[in-house]
Amino acid sequence: MVYWIGDIIVTYTLPVMLTSIGLVGIFSIYAAVCVISWIFVFLKVPETKGMPLEVITEFFAVGARQAAAAKN
């Protein structure tokens, strides 16, 4: 669903931005968004390579409990 939303955003903003800032400006903005997204994923998403599904499930369950405890 996130992919579809991103696709809709790109589809509807491309013609408007093309007339205002040009092709180089559009791809510069899209490239900047991709770089920011990559940095976010690199810093915030934990590595789960080589972990069994049970360990991953427990890993995220512990994180959710800690976030709930910190919120209260």
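**Exercise 1. Surface and burial**

Find how much accessible surface the protein has, and what share of it belongs to carbon and sulfur atoms.

*Solution.* Start with the total: in this predicted model, the accessible surface is about 6500 Å². Next, take the share: carbon and sulfur atoms account for 75% of that surface. Then turn to burial: 7% of the 72 residues count as buried, the cut-off being a relative accessible area under 20%.

**Exercise 2. Overall form**

Work out which secondary structure elements the protein holds, and whether its chain is spread out or compact.

*Solution.* First, look at the elements: the protein has 2 helices and 0 strands. Second, compare two values: the radius of gyration is 19 Å, while the globule rule gives 11 Å for 72 residues. The value is well over the rule, so the protein is more spread out than a compact globule. Third, look at the box: along the principal axes, the C-alpha atoms fill roughly 50 × 35 × 20 Å. To finish, consider the charges: there are 4 positive and 4 negative ones, and their mean positions lie 11 Å apart.

**Exercise 3. Annotated spans**

Take the two UniProt features, "transmembrane region" and "domain: Major facilitator superfamily (MFS) profile", and describe the secondary structure of each span.

*Solution.* Begin with the transmembrane region, which the unreviewed UniProt entry places at residues 20-43. That span is 100% helix and 0% strand, and its end C-alpha atoms are 34 Å apart. Now go to the domain feature, which the unreviewed entry puts at residues 1-49. Here the span is 88% helix and 0% strand, with its end C-alpha atoms 24 Å apart.

**Exercise 4. Aromatic pairs**

How many aromatic pairs does the structure hold? Classify the pair of F27 and Y30 and the pair of W38 and F42.

*Solution.* Count them: the structure holds 3 aromatic pairs. Recall what you need for each: the distance of the ring centres and the angle of the planes describe a pair.

- F27 and Y30: the centres are 6.4 Å apart and the planes stand at 90°, so this pair is edge-to-face. Both residues lie in helix α1 (residues 2-44), 3 residues apart, which is about one turn of the helix.
- W38 and F42: with 5.1 Å centre to centre and 10° between the planes, this pair is stacked. These two residues are 4 residues apart in helix α1, so about one helical turn separates W38 and F42.

As a last step, decide whether W38 is buried or exposed, and do likewise for F42. The cut-off for exposed is over 50% relative accessible area. W38 has 55%, so W38 is exposed; F42 has 59%, so F42 is exposed.

Technical notes: Residues numbered from 1 in each chain as written. Predicted model: local features only at pLDDT ≥ 70, side-chain atom pairs only at ≥ 80, totals over all residues. Heavy atoms only, no water. Rg over C-alpha atoms; globule rule 2.2 N^0.38 Å. Buried < 20%, exposed > 50% of the residue type's maximum accessible area, 1.4 Å probe, protein only. Areas by Shrake-Rupley, 256 points an atom, 1.4 Å probe, with all protein chains shown as cover. Lys, Arg positive; Asp, Glu negative; His and termini not counted. Charge placed at Lys NZ, Arg CZ, Asp CG, Glu CD. UniProt positions renumbered as here; feature names shortened; annotations may be inferred. Phe/Tyr/Trp six-rings, centres within 6.5 Å; stacked < 30°, edge-to-face > 60°.
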